[in-house]
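Take a look at the model below. This report covers its pockets, its core and a few chosen residues.

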Amino acid sequence: MKRTTVTLDDEAAQVVEASGAETALRQALEQWLVDHGESPDVLRSEGGRIRALIQVAGEALQERALDIGYARMAEWWVETDSGRRAARDRWVGREAPRWAAEDAAGEGADAAKPVRS
């Protein structure tokens, strides 16, 4: 864990404050934490609220980055000539059975592991 000092502008300070009160923002943040296997108790402290908000923002940015990547891939797909796409499709057709076998083997290995309660 890294400790750092952050200066919050008024808008960011209001978000941190609102996440500490009984607000819709607080409820949304609590639900996000529960959905991600974390305890909403971390929201009791200002530092915990800031960490949780950074996690939410990080996840949102990662999802946005994926959207951008998919859009670029779609552009590439449209701009790529049909011969090159056909060659890629043939390669995927050859590799897909191996990928499926690897996935199935991985799932079998996970299923064999005991689950701790």
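## Helices, pockets and core

Helix 3 supplies five residues to the lining of the second largest pocket, the largest share of that lining. This model is predicted.

Start with that pocket. The second largest pocket holds about 160 Å³ of space. Its lining is V6, L8, A12, V15, V16, I50, L53, I54, V56 and A57. Two helices each give at least two of these residues: helix 1 (10-18) and helix 3 (46-79). What classes of residue make up the lining of the second largest pocket? Ten are nonpolar, none is polar and none is charged.

Now turn to the largest pocket. About 360 Å³ of space lies there. Its lining includes M1, K2, R3, T4 and T5. V6, L8, E46, G47, I50, R51 and I54 also line the largest pocket. By class, this lining has five nonpolar, three polar and four charged residues.

**Helix 3.** How far apart are the end C-alpha atoms of helix 3? They are 49 Å apart. Helix 3 has 34 residues, and at 1.5 Å a residue it should span 50 Å, so the two values agree. G48, R49, A52 and L53 are buried in helix 3. The buried residues of this helix pack against helix 1 and helix 2 (24-35).

**The core.** Which residues form the largest nonpolar core? There are seven: V16, L29, W32, L33, L43, A52 and L53. Helix 2 and helix 3 are the elements that give two or more residues to this core. The largest share, three residues, comes from helix 2. One core member, V16, touches L8, E46, R49, I50 and L53, leaving aside residues up to four places away in sequence.

**Three residues compared.** The table sets out where S19, V56 and L25 sit and how accessible they are.

| Residue | Place | Relative accessible area | State |
|---|---|---|---|
| S19 | loop between helix 1 and helix 2 | 0% | buried |
| V56 | helix 3 | 27% | partly exposed |
| L25 | helix 2 | 32% | partly exposed |

Why does S19 count as buried? Its relative accessible area is 0%, and buried means under 20%. S19 touches L25, R26, L29, R49 and L53, not counting residues up to four places away in sequence. L53 is also a member of the largest nonpolar core, and so is L29.

V56 has a relative accessible area of 27%, so it counts as partly exposed. With residues up to four places away in sequence left out, V56 touches L29 and W32. V56 and L29 are 27 residues apart in sequence. In space, their C-alpha atoms are 8.2 Å apart. V56 also appears in the lining of the second largest pocket.

L25 is partly exposed because its relative accessibility is 32%. Which residues does L25 touch, not counting those up to four places away in sequence? They are V15, A18 and S19. L25 and V15 are ten residues apart along the chain. The C-alpha atoms of this pair are separated by 8.3 Å. V15, in turn, is one of the residues that line the second largest pocket.

Definitions and conventions
Residues numbered from 1 in each chain as written. Predicted model: local features only at pLDDT ≥ 70, side-chain atom pairs only at ≥ 80, totals over all residues. Heavy atoms only, no water. 1 Å grid on protein atoms, 1.4 Å probe; cavity = no way out; pocket = protein on both sides within 12 Å on 5 of 7 lines; lining within 4 Å. Points joined across faces, edges and corners; volume = space filled by probe spheres on them. Nonpolar A, V, L, I, M, F, W, Y, C, P; charged D, E, K, R; others polar. Helix = DSSP H or I, 4+ residues; strand = E, 2+ residues; numbered from the N terminus. Expected span 1.5 Å × (residues − 1). Buried < 20%, exposed > 50% of the residue type's maximum accessible area, 1.4 Å probe, protein only. Contact = heavy atoms within 4.5 Å. Core = buried A, V, L, I, M, F, W, Y, C linked by side-chain atoms within 4.5 Å.
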